[in-house]
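Here are a few exercises to work through with the model open beside you. Try each task before you read its solution.

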Amino acid sequence: MQLGELNSIKGIGENNKLLFKTAGIKNIYDLLHYFPRDYHDYSKVSQINSAVPGQVTLRVDISKVSSRYVRRGMHITEATATDKTGSIKLIWFNQPYRKDSIKSSDEYFVTGKLEYSSGRYSIISPNIELATGTTIHTARIVPIYRETKGLNNHLIRKSLADAIKQSVRLPNILPSEILKKNKLMTYSDAIKNLHFPKDNKQLQQAKYTMS
């Protein structure tokens with residue numbers, strides 16, 4: 001079935017279109033069938049005072065955002081993440097846009113590796129998303145894709161989140177009575193849950209449907 005072209009997706013211009021093409025993705029249909037190679041479960045949200053070193057997801061306010069250039073042109077953005085139990089430092093390298101994109105009036109999900117160094121806890125280069133929106137990089141089961149040069153998971157997930165909206169047009173491969181009898185998802189629901197499953201049960205049912 002015909003779906004839209006890749007450049008109909010927000011953020012995919014000619015340069016990114018070429019990056020997808022190197023991975024064998026020429027259109028939205030190909031993108032929808034570029035399935036994850038793995039999944040990371042970041043759905044458990046911790047409080048700061050109970051978080052232990054390793055991968056964590058937090059729900060926090062972010063404040064005290066500062067940025068500066070250091071040696072050899074490296075740029076550092078630092079911010080303080082706070083919840084009712086404590087605070088930690090967030091640090092990004094060479095992402096100067098972070099300072100203007102973070103709003104102290106908003107609440108965020110933060111996912112990243114919590115580390116203890118030089119007497120303090122911090123998360124280096126975390127993913128953050130508004131806690132009031134639909135997340136694709138944090139606070140959920142996150143799909144992990146095969147990357148090629150210049151084509152990273154962040155871009156793939158953002159593009160797929162938009163492409164999923166067009167997957168409702170995908171026709172079912174099997175008749176509805178067979179889907180119901182065998183407790184299978186519709187083709188569109190299976191595609192959606194293979195990329196962005198609501199939970200592990202939905203993921204396993206999507207895999208079963210597509211097997």
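**Exercise 1. Find how far apart the mean positions of the positive and negative charges of the protein chain are.**

Start by counting: the chain has 32 positive and 18 negative charges, where Lys and Arg count as positive, Asp and Glu as negative, and His and the chain ends are left out. Next, place each charge at NZ of Lys, CZ of Arg, CG of Asp or CD of Glu. The two mean positions then turn out to be 2 Å apart. A word on the ground rules: this is a predicted model, where local features need pLDDT of at least 70 and side-chain atom pairs count only at pLDDT 80 or more, while totals for chains, interfaces and linings use all residues. Residues are numbered from 1 along each chain as its sequence is written, and side-chain values use heavy atoms, with hydrogens and water left out.

**Exercise 2. Work out which residues are joined into one network by salt bridges that share partners.**

Step one is the search, which gives 4 salt bridges in the whole structure (a side-chain nitrogen of Lys or Arg within 4 Å of a carboxyl oxygen of Asp or Glu). One of them pairs K165 with D162, at 3.9 Å from N to O. K165 is exposed at 61% relative accessibility, and D162 is partly exposed at 22% (buried is under 20% relative accessible area, exposed over 50%, partly exposed in between, with a 1.4 Å probe and protein chains only). Now for the network: shared partners join R68, E78 and R120.

Step two is to take the links of that network in turn. E78 bridges to R68, with the closest N and O atoms 3.6 Å apart. E78 sits in strand β3 (residues 75-83) and R68 in strand β2 (residues 54-69), so this pair ties together parts 10 residues apart in sequence. (Helices, H or I of at least four residues, and strands, E of at least two, are DSSP runs numbered from the N terminus.) R120 also bridges to E78, its closest N and O atoms being 3.9 Å apart. That pair links distant parts of the chain, with R120 in strand β6 (residues 120-124) and E78 in strand β3, 42 residues apart.

Step three is to check the cover. E78 is buried at 15% relative accessible area, whereas R68 is partly exposed at 38% and R120 is partly exposed at 36%.

**Exercise 3. Find which helix gives the most to the largest nonpolar core.**

First, look at the core itself: it has 22 residues, and L6, I9, F20, L31, L32, I156 and L160 touch the most other members. (A nonpolar core is a set of buried Ala, Val, Leu, Ile, Met, Phe, Trp, Tyr and Cys residues joined through side-chain atoms within 4.5 Å.) Then go to the helices: α2 (28-32), α4 (153-163) and α6 (187-195) each supply at least two residues. The winner is α4, with 4 residues.

To see one member up close, pick L31. Leaving aside residues up to four places away in sequence, L31 touches L6, I9, F20, I25, S159, L160, A163 and H195 (contact means heavy atoms within 4.5 Å). Finally, look for a separate core: another one has 17 residues, among them L58, L90, I102 and I123.
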